[in-house]
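Here is a short report on a predicted model. It covers how the chains meet, how one chain divides into domains, and a few local backbone features.

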Protein chains: 2
Amino acid sequence: MTSPTPDKLTVDSDRLWQSLMDLAEIGAYRDERTGLRGVNRLALTDADAAGRRRVGAWMEEARLSVRIDQMGNIYGRREGADPSAAPVLTGSHIDSVATAGAFDGCLGVLGGIEVVRTLNDRGITTRRPIEVAVFTEEEGVRFGTDMLGSAVAAGRLTLEYAHALTDRDGRTLGGELTRTGFDGPADVRLAPPHAYVECHIEQGPVLAEHNVPVGVVTGVQGISWQEITIHGRAAHAGTTPTRLRADAALAAAQIIVQLRAMVDSGAYGELRATVGHLNVHPDLTNIVPARAEMTVDLRNPDDTHMVRAEEALAAFLRDLEDSQPGLTLATRRMAQTAHVPFDKSVQKTIAQAADDHDLPYIPLLSGAGHDAQEIAAICPTAMIFVRGEHDGISHNPREYSTPQACAHGVNVLATTLLRLANED
Amino acid sequence: MTSPTPDKLTVDSDRLWQSLMDLAEIGAYRDERTGLRGVNRLALTDADAAGRRRVGAWMEEARLSVRIDQMGNIYGRREGADPSAAPVLTGSHIDSVATAGAFDGCLGVLGGIEVVRTLNDRGITTRRPIEVAVFTEEEGVRFGTDMLGSAVAAGRLTLEYAHALTDRDGRTLGGELTRTGFDGPADVRLAPPHAYVECHIEQGPVLAEHNVPVGVVTGVQGISWQEITIHGRAAHAGTTPTRLRADAALAAAQIIVQLRAMVDSGAYGELRATVGHLNVHPDLTNIVPARAEMTVDLRNPDDTHMVRAEEALAAFLRDLEDSQPGLTLATRRMAQTAHVPFDKSVQKTIAQAADDHDLPYIPLLSGAGHDAQEIAAICPTAMIFVRGEHDGISHNPREYSTPQACAHGVNVLATTLLRLANED
């Protein structure tokens, strides 16, 4: 006698929370200023490798069959009644920025494993296989390109390109895969799944402002990353007349102030602009800097506004160069992604699951980039957002979603995966 | 039969030039962008220690009796007919910034040694002893306080303060003195010399603009060094609304732009402002910086204008802090020196020597700080400036004074020292 196949799944919220807290121990540090505990698991560092081993062990405990591909992406597969059917994929990443919290990325990976544990507990066999993915270097802060593992898996970037990327100390990603033992044998090109669903913290204040626990993500806004290198002229701070200076730090400062003016002008829609990386050389108190390096991160939900903002920045850089003899500016494109709309049918399945769990939701656009925007190129894809506290702050030790909020999101994920995995 | 005591001295310009070029080999590097050869001899590094040993050997070859004090200051003494008379002191420093040329400081030290060689060649005995000094950490870029060795020798700073200063890697100056073998036994407090005269490159364009080879320095303008630490809040670049940001990099940029506006306003006299050191944390492309550190170097020939500029900057920092919730700014005073006027009688002796060498000169104020401003506290002091090429650029591999310009300055130094050393 077989029990009737359930159509709704509720996970063990305590077990989910314990996994999140356990993983947060790996790469943990104490923030010197606030005393808060944060996470530092930059991709393919020793801490990240330790986190990967922990997640791999959890996958095996959940009887997933684990494979690692040539990019170090990890897939745990739960077989379906029809092993030849395309699997339903879920997952995210566990690499972090240097000053992270416990939730970003981890919730999607550990949420996926928790769904599998729940399916196991209830003895449910789905028609299609379910796979849980851990993508490599989603943050992009170590090797300079974000969503890297998923971008190679989905075919947007080549394996050769990714392996040759270097960190600031000149170490290649390929070398770090080998060093950490995550240079797997599986083909990196992912066979198109039936669908991809990723659960992730919102990293913003919108769900809290609307007082709803979950969001159905309609897509990801456009992202533009550039590196700007400014060459000026080193000179003595005390003796060089101001008119004879070509001050690279001043030029960098003018760019930063201009970017904020562009944001505040409202002329570029919902533009966000961040200069997160900045340094000057020779970096000495009494020397006018000869060189400055900086990154510019632009986000825009509207591709037309994004193009106009990029053009306006380029024009400002040209004017700046012309205004000061001895100053030269060079830009290098690090990353550029257009607005990625998600699949309406998957969004509908997520919305229905939220309804069936009696969870209010709103549709919203993602401000951050996610692996889902890469996988969206090869299969129907959407995301579930989970509410965060403190205005949804993330990439910071203050990042926090309550155990209940996490469970809400993963319950919606569980029911969504169950239904997608039973589709024809 | 004794020859009549000469009243004018001309040095061997080729020998002087060769010494300058030889010393520039120590710590030499190739600038990657321009292909020019520069010098990197930060104080008490291995390169600086090698330079010190070279200079010590030259002193001994010139039969100077060498002593090293507790700050690593090196003195080479040429005895006078009256050994009990206070010596005439000359010298400068051989430590450099990280991107230096061959002349800054070195000309004063090697010029002093060249004067001694010339006195030896001509068998001249002066009434007073002549001493050539090499002062430690004049640049201040490694341990954060400039004119350090001379400041301790003249009694403005204590030995304990200086020994406890640390570089960015946490190494103490005292430890580096021991490591390099320059922790000498001589008492650091200098017995007041009869006079101090320092020959130095101008590091500015004024002598070239007036088409004169040498300058008689009337004093040193005021210098103010501060470190500003800005605490903001780390946040995700894609998801954190602009209104919720406390962006430390933006605040740093606003300070830099404001400083230039203050300079350009003309409201603070001949103010010069430089932000030479700047960094942000966590320094990642997609994180709003939580912290920024920067230095502000202000120079002003007028103490009243300097005080007003410092007050205006402090007011701007307070307004900036108030304008953005979550932003806090802290300042730390690194160095502050008022305008130091030089001794009129020594200036007159220098001017007379220039006249006697048929060298046109102008009086001018120094834009840079020099050991002379410290020694001026304990004896009559003045300086000789030598013209530089390329608008007098210094702290840069392009720093250059011609062999003839160097010889002109050292000839004036030689005659000045000879006359001062024969004074009662």
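The copies meet through the same surface, because 98% of the interface residues of chain A are also interface residues in chain B. The contact takes 59 residues from chain A and 58 residues from chain B. On the chain A side, the elements that give two or more residues are β9 (222-231), β10 (235-236), α8, β11 (272-274), β12 (278-281), β13 (287-288) and β14 (291-300). The largest share comes from α8(A), with eight residues. By residue class, the side of chain A that touches chain B holds 28 nonpolar, 24 polar and seven charged residues.

**Symmetry**

Two copies of a chain are related by a rotation about an axis and a shift along it. Here, a turn of 180° and a shift of 0.0 Å along the axis lay chain A on chain B, with an RMSD of 0.0 Å. That is the relation of a two-fold axis. Which C-alpha of chain A is nearest the axis? That of Ala253(A), at 2.1 Å from the axis.

**Helix α8 and the core**

Ala253(A) is one of the buried residues of α8(A). Others in this helix include Ala248(A), Ala249(A), Leu250(A), Ala251(A) and Ala252(A). Gln254(A), Ile255(A), Ile256(A) and Leu259(A) are buried too. The helix covers residues 248-265 of chain A, 18 residues in number. At 1.5 Å a residue, α8(A) should span 26 Å. The end C-alpha atoms of α8(A) are 26 Å apart, so the span agrees. Just after α8(A), Gly266(A) has a positive phi of about 75°.

In soluble globular proteins, nonpolar side chains tend to be buried together. The largest nonpolar core in this model has 252 residues. Which residues have the most contacts inside it? They are Ala252(A) and Ala252(B). Beyond its neighbours within four places in sequence, Ala252(A) is in contact with Ile230(A), Leu278(A), Ala292(A) and Met294(A).

**Domains of chain A**

The domain assignment splits chain A in two. Domain 1 takes 13-212 + 342-421, and domain 2 takes 222-337. Their C-alpha centres lie 34 Å apart. Eight residues of domain 1 of chain A are in contact with six residues of domain 2 of chain A. On the domain 1 side, the touching residues divide into one nonpolar, six polar and one charged.

**Backbone exceptions**

Most residues other than glycine have a negative phi, and most peptide bonds are trans. The table lists four sites that depart from this pattern.

| Site | Feature | Value |
|---|---|---|
| His281(A) to Pro282(A) | cis peptide bond | omega near 0° |
| His281(B) to Pro282(B) | cis peptide bond | omega about 5° |
| Met147(A) | positive phi | phi near 55° |
| His395(B) | positive phi | phi near 55° |

Pro282(A) sits in the loop between β12 and β13 of chain A. Pro282(B) lies in the loop between β12 (278-281) and β13 (287-288) of chain B. Met147(A) is in the loop between β6 (130-134) and α4 (148-153) of chain A. Is Met147(A) buried or exposed? Met147(A) is buried, because 29 other C-beta atoms lie within 10 Å. His395(B) belongs to the loop between β18 (381-386) and α12 (403-421) of chain B. With 32 C-beta neighbours inside 10 Å, His395(B) also counts as buried.

**Two further sites**

Phe103(A) lies in the loop between β5 (88-92) and α3 (106-121) of chain A. Phe103(A) has 24 other C-beta atoms within 10 Å, so this residue is buried. Which residues does Phe103(A) touch, not counting those up to four places away in sequence? They are Leu20(A), Ile201(A), Glu399(A) and Ser401(A). Ile375(A) is 272 residues away from Phe103(A) along the chain, and their C-alpha atoms are separated by 21 Å.

Arg15(B) is found in helix α1 (residues 13-24) of chain B. Arg15(B) has 16 other C-beta atoms within 10 Å, so this residue is partly exposed. Leaving aside neighbours within four places in sequence, Arg15(B) is in contact with Glu114(B) and Arg117(B). Ala186(B) is 171 residues from Arg15(B) along the chain, and their C-alpha atoms are separated by 30 Å.

Methods. Residues numbered from 1 in each chain as written. Chains lettered and ligands numbered in written order. Predicted model: local features only at pLDDT ≥ 70, side-chain atom pairs only at ≥ 80, totals over all residues. Least-squares fit on C-alpha atoms with pLDDT ≥ 70 in both. Contact = placed C-beta atoms within 7 Å. Domains from an automatic or database assignment. Nonpolar A, V, L, I, M, F, W, Y, C, P; charged D, E, K, R; others polar. Helix = DSSP H or I, 4+ residues; strand = E, 2+ residues; numbered from the N terminus. Expected span 1.5 Å × (residues − 1). Buried ≥ 20, exposed ≤ 12 C-beta atoms within 10 Å, placed from the backbone. Core = buried A, V, L, I, M, F, W, Y, C linked by C-beta atoms within 7 Å.
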